[in-house]
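Q: Could you take me through one part of this model up close, starting with a single loop residue and working outwards? I'm new to this, so please explain the terms as you go.

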Amino acid sequence: MAKPNLGEKDILNPQEAIRYWNLSRRRFHAFLEKTDGGDFLAYYKKRTLIIRMAFEQYLSKNPKVKEELTNGRSRTGKNQTGC
């Protein structure tokens, strides 16, 4: 049986989410620890699961967060240097 495409799954585990959105592992796990999760996190026993559609909506509303989870810090901030 072939593995489903991550874009077709409704619920992703953190490792799948990291691969799907090309995020930094360390930054994403730190984000999961400090966020309340809102509508995009679900818990099953000790497992943390990400609801794909809700997280996509969250990232589209908060592009700065996506940039920080991918590259470390936002390039669209006020403290941008001219380098």
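**A loop residue and its surroundings**

A: Gly-37 is buried, and its relative accessible area is 0%. Buried means under 20% relative accessible area, exposed means over 50%, and partly exposed is in between (1.4 Å probe, protein chains only). The areas come from the Shrake-Rupley method with a 1.4 Å probe, and for residues only the protein chains shown count as cover. Before we go on: this is a predicted model, where local features need pLDDT of at least 70 and side-chain atom pairs count only at pLDDT 80 or more, while totals for chains, interfaces and linings use all residues. Residues are numbered from 1 along each chain as its sequence is written, and side-chain values use heavy atoms, with hydrogens and water left out.

So where does Gly-37 sit? You'll find Gly-37 in the loop between α2 and β2. Helices (H or I, at least four residues) and strands (E, at least two) are DSSP runs, numbered from the N terminus. Measure along the chain and Phe-55 is 18 residues away from Gly-37, yet their C-alpha atoms are separated by 9.2 Å. The loop between α2 and β2 also holds Thr-35. Thr-35 is buried too, with a relative accessible area of 19%. If you skip its neighbours within four places in sequence, Thr-35 is in contact with Phe-40 and Leu-41; contact here means heavy atoms within 4.5 Å.

Now step back along the chain into α2, which spans residues 25-34. Its buried residues are Phe-28, Phe-31 and Leu-32. They end up on the same side of α2 because they cover an arc of only 100 degrees around the axis. That arc is the one made by the directions from the helix axis to the C-beta atoms. Flip to the face turned away from the buried side, and there you meet the exposed residues Arg-26, Glu-33 and Lys-34. What do the buried residues of α2 pack against? They pack against α1 (14-21), β2 (41-44), β3 (47-51), α3 (52-61) and α4 (63-71).

Let's pick α4 out of that list. The axes of α2 and α4 come within 7 Å and cross at roughly 135 degrees. Axes are lines fitted to C-alpha atoms, for helices over the stretch in contact, and angles run from 0 to 180 degrees between N-to-C directions. Angles under 35 degrees count as roughly parallel, over 145 as roughly antiparallel, 65 to 115 as roughly perpendicular and the rest as oblique. That's why α2 and α4 are called oblique to each other. On the α2 side the contact uses Arg-27, Phe-28 and Phe-31, and they meet Val-65, Glu-68, Leu-69, Thr-70 and Asn-71 in α4. Sorted by class, this contact has 4 nonpolar, 2 polar and 2 charged residues. For the classes, Ala, Val, Leu, Ile, Met, Phe, Trp, Tyr, Cys and Pro count as nonpolar, Asp, Glu, Lys and Arg as charged, and the others, Gly among them, as polar.

Remember Phe-55? Phe-55 belongs to the buried residues of α3, along with Arg-52, Ala-54 and Leu-59. Those buried residues are on the same side of α3, because they cover an arc of only 165 degrees around the axis. The opposite face, turned away from the buried side, carries the exposed residues Ser-60 and Lys-61. The cover over the buried residues of α3 includes β1 (11-12), α1, α2, β3 and α4.

Our old friend α4 is on that list as well. The axes of α3 and α4 come within 4 Å and cross at roughly 100 degrees. The two helices are therefore roughly perpendicular to each other. Phe-55, Tyr-58, Leu-59, Ser-60 and Lys-61 make the contact from α3, while Pro-63, Val-65, Lys-66 and Leu-69 make it from α4. By class, that contact has 6 nonpolar, 1 polar and 2 charged residues.

Finally, zoom all the way out. The protein has 4 helices and 3 strands, and along the sequence they follow the pattern β-α-α-β-β-α-α. Of its 83 residues, 30% count as buried, with Gly-37 one of the buried residues. Take the contacts between residues at least 6 apart in sequence: 48% of them join residues at least 24 apart.
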